[in-house]
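Biologist: I have a structure open and some questions about how it packs. Can we go through it piece by piece?

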Amino acid sequence: YALATVLLLAWRFQHYAHAPSVLVPIARASAAGIYFNFALVLLPLLRFLFSRRSLSFLRVVFPLHQALEAHAIAGVAVLGFSVVHTLAYIGLTFTHPALVASFGWVALATGVLLVLLLGALAWGAWQRTRGRYDAFYYTHFLTIPIAIAATFHAPWFVQVASVPLLLFLADRFVRLRFMAEPAIVKSIHEDGRDIDLVLRRPLNFTYQAGDYAFLCVPSLSRLEWHPFSLINATSDTGSLAFRIRKSGNWTQSLAKLSVGTPVYVDGPLASPCREMHDCKRMVLVAAGIGITPFVSFLEEVRSSGVCPFERMQVYWLERDEASFGRFMPLLEELEGTLGGRLSVELIIRPLAPDGANGEAAPRTAPVEKLVSVRAVDWDQELVGVREQDLEGATLFFCGPPSLSKLLARSTRVAGLHFRTESF
């Protein structure tokens, strides 16, 4: 990607090297960078295509655990090149106003519009890091007027982006066809900070352990789709089960649904956890509700009685013991039945006492089996794990981006492979 980008920029810069101002080749080269990344930004979002078993070879070219990262990189590149492109033309407006005027009012007007729209889209993307999924979601609808404005701004945009755009639209069309009928809520139950949602399984809905789906509840919002991992074993043909943490207005409202409410299910879609089926040695690290992508795999091991792996280490991090309650019986049972092949540690991060930093607060309450209270040095932890028959293992993680970055570095130190779950 980096090499292709550099070569493209160099070619476009050289093509306009004899222009009356150096700002012209800068503006043209950055424009090429914009449209190249516009084309790439859609490819990682072909979720249906990458979820097909018959097309699994595509996941070698576009690894699922890097899909959204690639999407974000292309999006940031579009924004960065747009800034350079805009500054170059602002400079030309002062140094060569006649040249800028020759481009015509359509190019100038759509250019200003694109700057405003891209700024709003960037703001929405930033809001997701602050926990505002609704702002992130709705501002991404601005890609529609952005694409239209870009076509009028530079007609050759259509030539560059048409194939990825058609693939994306085809992917979306097929997904819409698969979810023609809504699922129905069979049961819903609040459990502290979480919700257990069970839907009647639609016909022909087949999935693999580790898959996820987008849910839309028309009675809450016809536009919002939220991704959640399936937690029941694939052998449970009558229902689809989800464990959802209440973390925003939509999920808070979800808890108030009644039995019989229609819910549209967009899926199943593949996640990096599908690779668990092919791993003999692995480490699972879950933070909070991040345990859910791994649960259906573990449920499948329990229901089938077949253990596909040689060695597995599970770490689940939560803020209190009560949050472990829903899946602790499953983990205890599997650790007992699988013997030395499965080790489980449920970790509560120690809290600092009032006015202090870094020292663990004293704890007097009893700790359940498997539960420990400690801070984890992941560099040391994973080096130690490697010595426990897990050399060359793959670490699967689901949790906040800050911990994902830390674990990515620690796995390199320990010589482990790394896969992270993100939507």
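**Rings, bridges and cores**

Modeller: Tyr35 is buried, with a relative accessible area of 5%. Bear in mind that this is a predicted model.

Biologist: Which class of ring pair do Tyr35 and Trp156 form?

Modeller: Take the distance and the angle. The ring centres of Tyr35 and Trp156 are 4.9 Å apart. Their planes stand at 75°, and over 60 degrees counts as edge-to-face. So the Tyr35 and Trp156 pair is edge-to-face.

Biologist: How many residues apart in sequence are Tyr35 and Trp156?

Modeller: Tyr35 sits in helix H2. Trp156 is in the loop between H9 and H10. The pair links distant parts of the chain, and the separation is 121 residues.

Biologist: Is Trp156 buried, exposed or partly exposed?

Modeller: Buried needs under 20% relative accessible area, and exposed needs over 50%. Trp156 has 33% relative accessibility, so Trp156 counts as partly exposed.

Biologist: Which residues make up the ring cluster that includes Tyr35?

Modeller: The structure holds 15 aromatic pairs. Some ring pairs join up into a cluster. Its members are Tyr35, Phe38, Trp156 and Phe157.

Biologist: Where does H10 bend?

Modeller: Helix H10 covers residues 157–178. It reaches 31 Å from its first C-alpha to its last, close to the 32 Å expected. There is still a bend of about 35°, with Pro164 following within four residues. The bend is at Val163.

Biologist: Which elements cover the buried residues of H10?

Modeller: The buried residues of H10 are Phe157, Ala161, Pro164, Asp171 and Arg175. Their cover includes both helices and strands. Among them are H2, H3, H9, E3 and E6.

Biologist: Why does the salt bridge between Arg326 and Asp196 tie together separate parts of the chain?

Modeller: The two side chains meet at 3.2 Å, N to O. Arg326 lies in the loop between E8 and H13, while Asp196 is in strand E2, so the bridge joins parts far along the sequence from each other: 130 residues apart.

Biologist: Which partner of that bridge is buried, Arg326 or Asp196?

Modeller: The cut-off for buried is under 20%. Arg326 has a relative accessible area of 33%, so Arg326 is partly exposed. At 12%, the buried partner is Asp196.

Biologist: Which residues are linked with Arg326 and Asp196 in a salt-bridge network?

Modeller: The whole structure has 21 salt bridges. Several of the residues involved are linked in a network with Arg326 and Asp196. The others in it are Asp191, Arg193, Asp194, Arg243, Arg245 and Glu318.

Biologist: Are Arg274 and Asp211 buried or exposed?

Modeller: They form a salt bridge, with the closest N and O atoms 2.8 Å apart. Arg274 is in the loop between E6 and E7, and Asp211 in the loop between E2 and E3. Both residues are buried.

Biologist: Which helices does the Glu333 and Arg302 pair link?

Modeller: Their side chains meet in a salt bridge of 2.9 Å, N to O. Glu333 is partly exposed at 38%, and Arg302 is partly exposed at 33%. They are 31 residues apart, and the helices are H13 and H12.

Biologist: Which element gives the most residues to the largest nonpolar core?

Modeller: That core has 35 residues, and those with the most contacts inside it include Phe294, Phe297 and Leu346. Strands E7, E8, E9 and E11 and helices H12 and H13 each supply at least two. With 5 residues, the top contributor is H12.

Biologist: What does Leu346 contact beyond its neighbours within four places in sequence?

Modeller: Leu346 is one of the residues with the most contacts inside that core. Set its sequence neighbours aside. Its contacts are then Trp316, Phe324, Met328, Leu331, Leu370, Val371 and Ser372.

Biologist: Which elements do the buried residues of H15 pack against?

Modeller: H15 runs over residues 401–414, and its end C-alpha atoms are 20 Å apart, which agrees with the expected span. Its buried residues include Leu403, Leu407 and Thr411. They pack against E7, E8, H14, E11 and E12.

Biologist: Which residue just after H15 takes a positive phi?

Modeller: H15 ends at residue 414. Just after H15 comes a phi of about 75°. The residue is Gly415.

Technical notes:
Residues are numbered from 1 along each chain as its sequence is written. This is a predicted model: local features need pLDDT of at least 70, side-chain atom pairs count only at pLDDT 80 or more; totals for chains, interfaces and linings use all residues. Side-chain values use heavy atoms; hydrogens and water are left out. A nonpolar core is a set of buried Ala, Val, Leu, Ile, Met, Phe, Trp, Tyr and Cys residues joined through side-chain atoms within 4.5 Å. Buried means under 20% relative accessible area, exposed over 50%, partly exposed in between (1.4 Å probe, protein chains only). Contact means heavy atoms within 4.5 Å. The expected span of a helix is 1.5 Å times one less than its number of residues. The bend at a residue is the angle between axes fitted to the seven residues ending there and the seven starting there. A salt bridge is a side-chain nitrogen of Lys or Arg within 4 Å of a carboxyl oxygen of Asp or Glu. Rings of Phe, Tyr and Trp (its six-membered ring) pair if their centres lie within 6.5 Å; planes under 30 degrees apart count as stacked, over 60 as edge-to-face and the rest as tilted.
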